[in-house]
Amino acid sequence: MSESATPGARGMSVAAAFAGMRSVAPVVFRAGCPDCRGRFELAAGALRLAIGASSRTTFYSFTCPDCGTLVRKPAGERIVELLTGGGVSTLRLHSTV
């Protein structure tokens, strides 16, 4: 049975199923360094998100590509949502028991 003779997803080859898909552009985040005042874009892999038990212990961090400073900034609910949705590595600092 050929692919063209098979309606629907059953019997469809992997090549046919993915034929119309395009590559997705990587997510980038805008950030700034409080030390050197540099402004830049970072890929998700350059950021780390730590989720603590409260807003005081929830933050994201990255190394400034301009001056090499380790930057740590608070992350509210919206920032957490954006970073996790964009594929940023997340560390939970509290148990969910």
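Visitor: When do two strands count as paired, and in which order do the strands of the open sheet lie?

Guide: Two strands pair if DSSP finds at least two bridges between them. In this predicted model, 4 strands form an open sheet with mixed pairing. The edge strands, each of which pairs on one side only, are β5 (70-74) and β6 (89-92). The order of the sheet is β5-β4-β3-β6.

Visitor: What is the average twist from one strand to the next?

Guide: The value refers to the open sheet of 4 strands, β5-β4-β3-β6. From one strand to the next, the twist averages 20 degrees.

Visitor: Do β3 and β6 pair in the parallel or the antiparallel sense, and over how many bridges?

Guide: Strands of a sheet pair through backbone hydrogen bonds, either parallel or antiparallel. Between β3 and β6, Ile51 stands opposite Arg92. The sense of this pairing is parallel, and the number of bridges is 4.

Visitor: Which residues of β4 are the bridge partners of Leu49 and Ala50?

Guide: β3 and β4 run antiparallel and are joined by 3 bridges. Leu49 has Tyr60 as its bridge partner in β4. For Ala50, the bridge partner in β4 is Phe59.

Visitor: Which helix packs on the sheet, and what angle does its direction make with that of β3?

Guide: The elements of the chain run α-β-β-β-β-β-α-β from the N terminus on, and they comprise 2 helices and 6 strands. The helix on the sheet is α2, which touches β3, β4 and β6. Its direction makes an angle with that of β3 of about 130 degrees.

Visitor: How many residues does the largest nonpolar core have, and which have the most contacts inside it?

Guide: At least two residues of the core come from each of β1 (28-32), β2 (39-43), β3 (48-51), β4 (59-63) and α2 (77-85). The core has 17 residues. Those with the most contacts inside it are Phe40, Leu47, Leu49, Tyr60, Phe62, Leu83 and Val88.

Visitor: Which residues does Val88 touch, not counting residues up to four places away in sequence?

Guide: Val88 belongs to the residues with the most contacts inside the largest nonpolar core. Leaving aside residues up to four places away in sequence, Val88 touches Phe29, Ala44, Leu47, Arg48, Leu49 and Leu83.

Visitor: Why do Cys36 and Cys67 form no disulfide with Cys64?

Guide: A disulfide requires cysteine sulfur atoms within 2.5 Å. For Cys36, the closest cysteine sulfur is that of Cys64, too far for a bond at 3.7 Å. The sulfur of Cys67 likewise has its closest cysteine sulfur in Cys64, and that separation is too far for a bond because it is 3.7 Å. The structure therefore holds a number of disulfides equal to 0.

Visitor: Is Thr58 buried or exposed?

Guide: Thr58 lies in the loop between β3 and β4. Not counting residues up to four places away in sequence, Thr58 touches Ala50, Ile51, Gly52, Pro74, Ala75 and Val80. Buried means under 20% relative accessible area. Thr58 has 8% relative accessibility, so the residue counts as buried.

Visitor: Which backbone oxygen does the side chain of Thr58 reach, and at what distance?

Guide: A polar contact is a pair of N or O atoms within 3.5 Å. The side chain of Thr58 reaches the backbone oxygen of Ser54 at 2.9 Å.

Visitor: What share of the 97 residues in the chain is buried?

Guide: Thr58 is one residue that counts as buried. Of the 97 residues in the chain, the buried share is 27%.

Note on methods: Residues are numbered from 1 along each chain as its sequence is written. This is a predicted model: local features need pLDDT of at least 70, side-chain atom pairs count only at pLDDT 80 or more; totals for chains, interfaces and linings use all residues. Side-chain values use heavy atoms; hydrogens and water are left out. A nonpolar core is a set of buried Ala, Val, Leu, Ile, Met, Phe, Trp, Tyr and Cys residues joined through side-chain atoms within 4.5 Å. Buried means under 20% relative accessible area, exposed over 50%, partly exposed in between (1.4 Å probe, protein chains only). Contact means heavy atoms within 4.5 Å. Axes are lines fitted to C-alpha atoms, for helices over the stretch in contact, and angles run from 0 to 180 degrees between N-to-C directions. A polar contact is a pair of N or O atoms within 3.5 Å; within protein, one must be able to donate a hydrogen and the other to accept it, and residues adjacent in sequence count only if both atoms are side-chain atoms.
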